[in-house]
Amino acid sequence: MPVPVPRQRAIPAVECGQAPAASQDRGPSTEQAPPGTTPAQDLSGRPENPTQKREKPTENRENTTNRTPARTTDQHPGRPADRRENAAPANLTVLLIEDDPGGSPIVPDLLDQAGKPIRIRTARNLTEAGRLLTDDVHCILLDLALPAPAPARASGDDGGDGDASGHDELAVLRHVLELAPRHAVLALTSSSDAERGAEAVAVGAQDYLFRDELDGRLLSRAIRYAVERKRSDSAERRLAEGRLRAQENRRLERGLLPTPLLEGSPLRFAARYRPGRSRALLGGDFYDVVRTPDGTVHAMIGDVCGHGPDEAALGVELRIAWRALTLAGLCGDQLLGTLQQVLEHERAHDEIFATLCAVDIAPDGRRAGLCLAGHPAPLIAGPGTPARLLPYDNNGPALGLLPGARWPRMQVELGAEWSLMLYTDGLIEGHVGEGRERLGQDGMVEMVRRQIAEGLRGEQLLRATVNEVRELNGGELADDVAVVLLDRTA
């Protein structure tokens with residue numbers, strides 16, 4: 001029978017102890033034996049080590065001269081393995097883990113759905129299996145009679161069979177599932193132990209087969225089924241995890257983006273919120289608006305440095321604290337000082353700070369108190385009055401920067417009819433065009449003036465402002481954006 005021409009293998013034979021390192025002139029190896037030698041001998045005449053890797057004749061054997069060993073899943077989790085889970089394999093490779101000192105094969109010749117040979121790698125113990133478990137392996141055939149790993153053996157039990165793990169007869173399967181969480185696993189057991197096979201499926205195997213009833217057609221179908229089922233299960237798991245994360249994000253977002261308490265107030269409210277990260281739901285910006293029993297409307301907007309779940313969670317804490325303190329009657333410097341204490345106790349690192357703008361509008365709506373803690377000044381516009389920034393000369397430091405800091409409260413006149421816009425710095429720090437120039441507060445004021453002159457008000461004004469800022473930036477903004485608009489009509 002002619003010797004098959006060897007092809008490249010994912011793991012060089014020299015690494016598995018099966019053959020010596022091939023020379024550059026591509027001399028014969030144990031897989032391409034010269035006349036007079038047997039497959040159980042290498043070129044030096046030494047017999048094959050029975051504890052080393054064996055390969056079934058159905059495998060497309062590979063040359064060991066110029067191939068870099070494939071990376072294992074444990075070395076780079078989530079990269080090549082993820083691609084394998086998302087795409088159907090072109091050629092199936094199976095890793096057989098079975099204890100067969102006599103060398104008698106238990107797996108027949110296999111063909112995939114296209115009629116191509118399924119490549120088989122054989123490991124006789126879990127240590128060797130870990131070395132052979134490369135990214136191009138699609139399915140693992142595990143003999144449940146394999147001795148359990150040494151750490152799992154019960155004290156004084158050294159029987160060397162499937163019960164070596166004491167009460168846990170599936171310890172070897174659990175070890176393989178931990179070793180290869182992204183691979184399909186088929187359990188092999190005896191026909192008299194069907195209950196053990198069913199338990200293996202319950203633990204995590206894709207299916208079980210009777211070792212003494214294997215044939216090529218049945219096993220080939222089982223391998224393809226296990227691979228597809230594992231891929232489907234992995235996709236379903238990722239989908240479920242994504243849905244869970246989305247639910248958690250939406251729950252946190254509801255705390256981040258509250259429902260304003262403005263019952264009984266003539267003021268109209270609108271808000272826009274946009275996280276700076278692609279596909280993100282959360283950011284470090286936060287805002288709130290409440291009306292206290294005396295008729296005063298309190299509005300606040302803030303920004304925790306950074307953006308992400310941790311910053312969003314801190315922003316929610318500050319917003320809830322602000323609402324509670326405001327409803328308790330605190331305002332101005334006393335309120336901001338208490339918020340700084342909350343920030344100092346809740347932040348993960350001393351470097352984290354937050355900027356904040358707080359406005360309390362008198363019941364008559366014609367004047368307001370303004371406190372700025374390192375935050376951009378609000379913008380105000382009215383009939384016949386161009387949009388402009390409120391005074392920011394007495395802007396105090398951001399929360400969390402200076403212990404014992406003070407935040408002066410400025411009294412500002414609003415007039416009989418006005419629109420007051422509070423925003424975070426993400427709105428003004430976007431670039432203008434392809435250069436390094438940023439929009440800035442002056443550019444934002446000019447933009448809002450033009451949009452108001454075009455007749456935009458309320459929600460339409462905020463939507464147009466945020467969209468134009470994104471267009472000027474040439475795409476998604478790097479920082480989170482929050483904008484709050486309060487309108488009073490005569």
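This briefing covers a five-stranded sheet and two helices that lie across it.

The model is predicted: local features need pLDDT of at least 70, side-chain atom pairs count only at pLDDT 80 or more, and totals for chains, interfaces and linings use all residues. Residues are numbered from 1 along each chain as its sequence is written, and side-chain values use heavy atoms, leaving out hydrogens and water.

**Sheet**
- The open sheet runs β7-β16-β15-β12-β13, with antiparallel pairing.
- Strands (E, at least two residues) and helices (H or I, at least four) are DSSP runs, numbered from the N terminus.
- Two strands pair if DSSP finds at least two bridges between them.
- β7 (268-274) and β13 (385-389) are the edge strands, each pairing on one side only.
- From one strand to the next, the twist averages 15°.
- Seven bridges join β7 to β16 (residues 481-488).
- R274 stands opposite V481 in β16.

**Helices across the sheet**
- Helix α9 (residues 440-453) lies across β12, β13 and β15, at about 155° to β13.
- Helix α10 (residues 458-473) lies across β7, β15 and β16, at about 25° to β7.
- Angles run from 0 to 180 degrees between N-to-C directions; axes are lines fitted to C-alpha atoms, for helices over the stretch in contact.
- Contact means heavy atoms within 4.5 Å.

**Buried side of α10**
- Its buried residues (under 20% relative accessible area, 1.4 Å probe, protein chains only) are G458, L461, L462, T465, V466, E468, V469 and N473.
- They cover an arc of only 165° around the axis, so they sit on the same side of α10.
- The arc is taken from directions between the helix axis and the C-beta atoms.
- Their cover includes β7, β15, α9 and β16.
- G474 follows α10, with a positive phi near 80°.

Technical notes: Buried means under 20% relative accessible area, exposed over 50%, partly exposed in between (1.4 Å probe, protein chains only).
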